Amino acid sequence: MINRLTQMFAHFILLLGVLLMVIPIWLAFTSSTHDNVTLITEGMQWYPGPLFIENYDEVLNEKGGFSEEITATGMLINSFIMGLGIATLKVIISMMAAYSLVYFRFRLATPIFWFIFITLLVPLEVRIFPSYKIVSDIGLTNSYTGLVLPLVASATAVFFFRQFYKSVPDELLESAKLDGANSWRFFIDFLVPLSKTMIAAMFIFMFVFGYSQYLWPLLMTTDEKYWTVVMGMKLIYVELYEGVSLPRVGQRFAYIILSIIPPVLIVVLLQRWFIKGLIQTEK
Amino acid sequence: MSFINLKNVVKVYPDGTQAIFNSSLSIEKGELVVFVGPSGCGKSTLLRMIAGLEDVTDGEIDLDGNRINEIDPSERDIAMVFQNYALYPHMSVYNNIAYGLRSRGIKKLEIEAQVTNVSELLQIGDLLSKKPGQLSGGQRQRVAMGRAIARDPKVFLFDEPLSNLDAKLRVQVRLEIKKLQRKMGTTSIFVTHDQTEAMTLGDRLVVMNKGVMEQVGTPMEIYYHPKTKFVAEFIGTPSMNFITGSIKDKTFKASSFAIPAKYEDKDDVILGVRPEDISITKATTGVKCKVELIEKLGSSTVIYCVDMKENQLCVSTQSRASVEVGDTIHISTNNKALHFFDRETSKALTK
């Protein structure tokens with residue numbers, strides 16, 4: 001009986017947590033399907049309204065910005081490319097850096113690692129002007145390369161991969177060596193498949209990190225073609241106050257809902273790997 | 001010329017500790033040599049040097065007539081079975097076995113044939129699609145063996161491959177390894193700290209202690225003619241009895257007894273007698289002892305006793321001796337089964 005009670009209590013807490021997470025998203029979604037008059041007079045709506053297709057269609061396809069060159073679809077694609085580029089390159093570079101730090105026992109490996117680690121204390125925002133100067137000097141402003149490249153070095157990921165590689169037993173390397181694997185093959189045939197779950201986790205983190213960048217794309221892009229979703233958020237916000245007509249609250253909610261889709265997609269897709277890795281006892 | 005030659009091999013680690021002292025050894029083709037010794041004696045280090053996983057500080061290692069000191073482990077054509085098997089956790093059993101073949105650029109069909117071959121030999125055919133995580137200890141051991149065999153290397157190295165198995169399985173696998181090695185005729189080196197394993201498996205044993213090869217020889221040579229006190233003590237259970245004394249006028253004198261010994265006069269001498277070479281006499285002529293502890297093993301009985309001068313002695317008898325703790329017994333030994341060692345150098349005395 002007591003067991004049942006504690007179980008119910010635990011579920012109650014969990015449910016509370018779930019609601020806390022889900023309600024704002026639900027509200028944003030339902031509100032995004034109503035017309036602006038209802039939203040302004042009656043506040044946010046709990047139930048879906050009739051304007052789902054109209055509102056979303058408007059947000060996705062309306063040209064925005066000063067010179068009206070970009071739509072929300074375009075911004076979504078830009079953000080997706082940025083997030084994907086940053087996450088992919090970050091994972092690849094960190095894995096290779098960690099591999100060289102752990103397996104090639106050169107003299108300065110530890111100091112170099114700590115030097116890399118120190119860069120955690122210097123996030124992009126701190127070095128934003130020098131970074132901007134460099135990127136603009138080599139002519140990478142208004143390009144995907146410019147958006148992605150300055151953000152691909154990651155001390156955090158190097159750290160995680162390093163710790164993981166250190167936990168891989170030495171015998172595995174030795175056995176692979178005797179089986180005729182060189183350093184490259186050991187990396188591709190052993191470390192990469194073994195760190196699958198790690199890669200998935202890092203990829204998710206890094207994607208969200210890249211996707212939610214605001215300041216860097218804001219500085220980098222003067223051409224509207226390269227605007228990202230997070231920047232667009234601000235545009236819609238401004239419009240809310242400066243627009244001559246009725247503030248477009250419904251469309252704004254629709255935009256927010258749309259902006260969450262890419263990260264959610266990535267998480268859902270990689271989660272399968274994640275769980276697969278957790279179930280298999282890889283020993 | 002022998003198949004494997006170690007010439008004055010020395011290993012010093014970067015921190016200055018010396019793991020192997022000037023060791024030389026020749027291993028013939030097809031031979032199974034066992035490195036045996038207590039933990040930390042350098043036996044694994046020596047094996048890893050042959051495999052190429054450790055650098056050779058000084059000296060030379062030859063394989064099949066070529067110096068291999070500088071050759072990369074992947075190029076040496078040596079297979080090794082590790083203590084924890086080091087199976088590749090993310091690959092199926094099939095791929096575990098096939099990996100070494102693949103990285104040598106062998107054709108797919110040949111690999112398939114070879115893996116099937118090996119899996120039949122080791123009876124792991126129905127495990128091929130499983131991952132190492134799903135296997136039991138014994139099965140993993142087989143897969144590790146299979147991986148080594150599949151490549152048909154010049155040399156097999158075994159680094160304590162049985163120590164993670166339970167006692168019964170260990171005996172079974174030991175026999176299988178021996179049979180397999182006979183069948184394939186591949187030169188093998190087996191490292192173990194277990195002297196039973198060493199005695200039963202090896203064509204020849206190398207007994208090691210603190211980085212030094214104490215004695216090299218067939219199991220029987222080592223058992224019956226140990227060259228040092230360490231070898232005498234390490235090989236054989238229960239361990240050999242040691243009694244200090246001195247030799248004078250062809251007689252060894254200990255505190256409680258005297259025995260004929262055809263050696264030069266010497267002051268500090270240790271007498272070694274194996275427990276099974278001591279027998280209980282019915283007469284009262286032998287050394288008088290008091291029984292302290294009895295271990296009945298079924299096939300034999302081990303009696304621990306002390307003589308009148310507090311020398312500890314261990315007697316192993318085949319007969320079902322009706323001896324009780326606290327009894328007084330008389331023991332004697334066959335004079336041919338005595339071993340004498342110099343107390344200072346621990347070396348066996350020569351006539």
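Here is a short tour of a few features in this structure. The model is a predicted one, so treat it as such as you look around. In chain B, four strands form an open sheet, and in chain A a nonpolar patch of about 980 Å² lies on the surface.

**The sheet in chain B**
- The strands run in the order S2-S1-S4-S5, with antiparallel pairing.
- Strand S2 (18–27) and strand S5 (66–67) of chain B stand at the edges with a single partner strand each, so one side of each has no neighbour in the sheet.
- Helix H1 (residues 43–51) of chain B packs on this sheet and touches S1, S2 and S4 of chain B. The direction of this helix makes about 120° with that of S1(B).
- Five bridges link strand S1 (residues 4–12) and strand S4 (residues 58–63) of chain B.
- To see this pairing up close, find Leu6(B), which stands opposite Ile61(B) in S4(B).

**The nonpolar patch in chain A**
- Among the residues that make the patch are Leu19(A), Trp26(A), Trp46(A) and Tyr47(A).
- Leu19(A) belongs to helix H1 (residues 2–31) of chain A, and it is partly exposed, with a relative accessible area of 44%.

**Unusual backbone spots in chain B**
- Most residues other than glycine have a negative phi, and most peptide bonds are trans.
- Asn8(B), in strand S1 of chain B, has a positive phi of about 45° and is partly exposed at 43% relative accessibility.
- Ser346(B), in the segment after strand S20 (338–342) of chain B, has a positive phi near 65°.
- A cis peptide bond joins Thr237(B) and Pro238(B), with omega about -15°. Pro238(B) sits in the loop between helix H8 (229–234) and strand S11 (241–248) of chain B.

How values were computed
Residues are numbered from 1 along each chain as its sequence is written. Chains are lettered from A and ligands numbered from 1 in the order in which they are written. This is a predicted model: local features need pLDDT of at least 70, side-chain atom pairs count only at pLDDT 80 or more; totals for chains, interfaces and linings use all residues. Side-chain values use heavy atoms; hydrogens and water are left out. Two strands pair if DSSP finds at least two bridges between them. Helices (H or I, at least four residues) and strands (E, at least two) are DSSP runs, numbered from the N terminus. Contact means heavy atoms within 4.5 Å. Axes are lines fitted to C-alpha atoms, for helices over the stretch in contact, and angles run from 0 to 180 degrees between N-to-C directions. Patches are made of residues with over 30% relative accessible area and no salt bridge: like charges are joined within 9 Å, nonpolar side chains (Val, Leu, Ile, Met, Phe, Trp, Tyr) within 5 Å. Accessible areas come from the Shrake-Rupley method with a 1.4 Å probe; for residues, only the protein chains shown count as cover. A salt bridge is a side-chain nitrogen of Lys or Arg within 4 Å of a carboxyl oxygen of Asp or Glu. Buried means under 20% relative accessible area, exposed over 50%, partly exposed in between (1.4 Å probe, protein chains only).
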